[in-house]
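Biologist: I would like to learn how to read backbone and surface features in a model such as this one. Could we begin with the terms and then turn to the case at hand?

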Amino acid sequence: NMSLWAIIPVKPLQHAKSRLSNVLTTDQRYQLAEAMFRHVLDVVSTAQLVTGVVVISRDTKALAIARDMGAKTIQEGAVSDLNPALMRATAVVSSWRADAVLILPADLPFVNVDDIRGLIQRSTENSIVLSTDSEGDGTNALLVRPPGLIEYAYGRGSFLKHIENAHRVGGKVVSYYSERLLLDIDYPEDLQNYHQILEQGRFGHLPKFAIGNDTSQGAYNR
């Protein structure tokens with residue numbers, strides 16, 4: 001049976017989603033970031049093909065949530081860069097004899113177990129399976145088998161950089177499409193899409209926010 005570890009990097013929750021500051025209060029942004037993080041953690045923890053989960057963060061609150069939910073944690077230094085931090089986490093799970101690693105961001109509100117299964121089923125030896133974001137720029141899921149096969153290139157244009165890095169080492173590349181994996185929440189218009197989806201009533205785990213001027217109610221309900 002393949003041993004696969006998920007790695008979730010988490011930015012400090014208090015400072016998450018600063019680009020939404022004109023539509024959400026600081027508290028609402030925190031609630032949204034925490035709810036999405038708990039959701040991603042819950043999904044990977046319940047996916048049958050995932051051996052274990054590692055959360056890497058400098059945020060002690062995020063690490064505490066992770067431990068409460070049964071994940072392993074790696075505390076990042078105060079000044080740390082995402083790509084080297086992920087390489088360190090990858091080295092750790094390699095030492096635990098992982099056959100593959102799946103890196104997911106902490107802000108995918110609609111990812112579900114089917115997506116995890118789909119990514120894993122498409123992986124083969126010496127391959128990367130990846131999903132992009134709605135702009136076709138970033139990487140919203142990255143499965144690397146074996147761990148450390150490629151250097152990470154998160155940041156602008158990471159989707160194409162990850163593909164190039166795989167080709168450079170002779171790895172096979174599989175792009176995995178799921179509408180749920182495209183939906184991350186970075187900009188106010190993402191939040192509007194998010195609300196339209198919530199109104200379809202399928203995602204009871206996510207907070208609803210009153211967008212616009214009416215933030216006085218603190219409209220956060222499970």
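Modeller: Buried means under 20% relative accessible area, exposed means over 50%, and partly exposed lies in between, with a 1.4 Å probe and protein chains only. This is a predicted model, in which local features need pLDDT of at least 70, side-chain atom pairs count only at pLDDT 80 or more, and totals for chains, interfaces and linings use all residues. Residues are numbered from 1 along each chain as its sequence is written, and side-chain values use heavy atoms, with hydrogens and water left out.

Biologist: Which accessibility class does Asn126 fall into?

Modeller: Asn126 counts as partly exposed because its relative accessibility is 37%.

Biologist: How should I read the sign of phi and the form of a peptide bond?

Modeller: Most residues other than glycine have a negative phi, and most peptide bonds are trans. Here Asn126, although not a glycine, has a positive phi of about 55°, and it sits in the loop between helix H4 (113-121) and strand E5 (127-132), where helices (H or I, at least four residues) and strands (E, at least two) are DSSP runs numbered from the N terminus. Lys17, also not a glycine, has a positive phi of about 60° and belongs to the loop between E1 and H1.

Biologist: Is Lys17 buried or exposed?

Modeller: Lys17 has 13% relative accessibility, so it counts as buried.

Biologist: Which peptide bond is cis?

Modeller: The bond from Arg145 to Pro146 is cis, with omega near 5°, and Pro146 lies in the loop between E6 and helix H5 (158-168).
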